Amino acid sequence: MSDSVATNTSTAEATEPTFDQFGLSADILKAVRESGYTTPTPIQAQAIPVVLAGRDVMGAAQTGTGKTASFSLPIIQRLLPNANTSASPARHPVRALMLTPTRELADQVAANVQTYSKHTPLRSTVVFGGVDMNPQSDALRRGVEILIATPGRLLDHVQQKTVNLGQVQMLVLDEADRMLDMGFLPDLQRILNLLPKERQTLLFSATFSPEIKKLASTYLRNPQTIEVARSNSTNANVRQIVYEVHESDKSGAVAQLIRERELKQVIVFCNSKIGASRLARVLEKDGIVATAIHGDRSQSERMQALDAFKRGEIEALVATDVAARGLDIAELPAVINFDLPFNAEDYVHRIGRTGRAGASGDALSLCSANERKQLADIEKLIKRPLEVEPLEVTMRARRDGTAPRRDERFGRPERPERTERRHTSRDESGPRRRTAGTHDRPRGRQQPIDEFFLKPYEPSPSAMKRHEETVEPERKSAPKQPLAALLGGLGMPRKS
DNA sequence: AAAAAAC
């Protein structure tokens, strides 16, 4: 009964584990083989048997560890015996529901499910906001066994009575911590109240915060905990470098890193939507094919950007944290943090976009003087100091669309003696269309250098001290809403 | 402080 899932086989060490060992149907194995997978990842090796056995799961796994397959494959398997080829929608009630925090993630999980189930009679579809409801409604009316959704649009469909969740036997909450962060708890509660109490529930989360534990204790029954890598740890395949740069040099630094390292594909993370759009424009003007992806862009723009990036048509995908979690882009060699994230956990997720599936990757972060707090938080979370080096930005990203000037130093301290400012329009780079107005020229560009840049960053003494002081970092994240009240007031049975 | 998600 009591079960340590993974590690009881001494023979498994001798022979390479394969997908055949789980007793999955030939149709599923065929699809897995066609996808090019031969060896289950640790999370798959652990989760698949547990899910097949019908148990609830509380899973902590980094995205990109093969998590999606770890629940999709056994769910498909469990649905198979009662699958039928009937065209009648009534014969295809939703029996497995998978919820994700972002639309892109939903789309991606759906693509995986589609792939793994393609040789089976099972049907699946995905619903999320920002796009026309009608095609989604049509697909639901035709009937699907597996539904992947973001919570808001799913509730919309519930209200429109285009979907019935009364037959759901298996529920997946993917990136559950993220969903709570995003304030999805009320939506989740509404959805969960529509589901049969008798069901299998799988909850995946990057962290096991108190909120997550509370959610799990409310909605999961005697779950098996599966933890592959310690959460908050980072992938050893990812080389992390922090470059100290002046805030105003960041755009140029990004362009420079892309050029110097000849990065063909890179995701650049920004903290704000406006910042992402702006950086994408600047990079474009510097001759780098770039597109922004964030929540203020239309869903079709978002999908277009992501598709073009996956096809290799875009060099730099400039993103907010909408793209931080879960997105699987094959062979992404690097990510750049234009800003350090406010939330240290997002750093782990961002850099998790690279170095996936055993490949190596670089996580390059720009850190300005006012981001040291974030840097300290990150080091605390990942429990080690980061390699920090100065970056000499020799390339200036130009806002006016001209080519970047090379080998031009800037951002130095102000000259001791004041040089005469020429207020007339100038420049040997050809005639300007318009005379530069006073605010066309960035004022105060020559800011005094911050002391951050004068003395070398000292990770060793202070960071190590921090490191030691925080071996057991306490979680801060206070819930935005009184979570206990919300959970308490909903009258769901605590695990029976 | 900012991002994400339903209309």
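Among contacts in chain A between residues at least 6 apart in sequence, what percentage join residues at least 24 apart? In the predicted model, the share is 76%. Chain A comprises 496 residues, of which 50% count as buried. Its secondary structure consists of 18 helices and 14 strands. The chain exposes about 24300 Å², and 48% of this area is supplied by carbon and sulfur atoms.

Aromatic pairs number 2 in the structure. One of them is formed by F71 and F204, whose ring centres are 5.3 Å apart. The planes of the two rings make an angle of 40°, and the pair is classed as tilted. F71 belongs to helix α4 (residues 67–79), whereas F204 belongs to strand β6 (residues 200–205). The pair thus links distant parts of the chain, with the two positions 133 residues apart in sequence numbering. Both F71 and F204 are buried. A further arrangement that involves an aromatic ring is found at F338, where K250 lies over the face of the ring at 5.5 Å from its centre.

D177 is located in helix α8, which covers residues 176–181. The relative accessible area of D177 is 4%, and the residue is therefore classed as buried, the limit being under 20%. Leaving aside residues up to four places away in sequence, D177 touches S205, A206, T207, I212, R325 and H349. With one of these residues, A206, there is a polar contact: the side chain of D177 reaches the backbone nitrogen of A206 at 3.4 Å.

The surroundings of DNA strand B include 20 residues, and those that come nearest are T150, R153, K273, G295 and R302. Of the atoms of DNA strand B that come within 4 Å of the protein, 80% belong to sugar and phosphate. Individual polar contacts to the phosphates involve both side-chain and backbone atoms of the protein. At T150, an N or O atom of the side chain is 2.6 Å from a phosphate oxygen of DNA strand B. R302 likewise places a polar side-chain atom 2.5 Å from a phosphate oxygen of the strand. At G152, a polar backbone atom is 3.3 Å from a phosphate oxygen of DNA strand B.

Notes. Residues numbered from 1 in each chain as written. Chains lettered and ligands numbered in written order. Predicted model: local features only at pLDDT ≥ 70, side-chain atom pairs only at ≥ 80, totals over all residues. Heavy atoms only, no water. Phe/Tyr/Trp six-rings, centres within 6.5 Å; stacked < 30°, edge-to-face > 60°. Helix = DSSP H or I, 4+ residues; strand = E, 2+ residues; numbered from the N terminus. Buried < 20%, exposed > 50% of the residue type's maximum accessible area, 1.4 Å probe, protein only. Lys NZ or Arg CZ within 6 Å of the ring centre and 35° of its normal. Contact = heavy atoms within 4.5 Å. Areas by Shrake-Rupley, 256 points an atom, 1.4 Å probe, with all protein chains shown as cover. Polar contact = N/O pair within 3.5 Å; in protein donor to acceptor, adjacent residues only side chain to side chain. Near = heavy atom within 4 Å.
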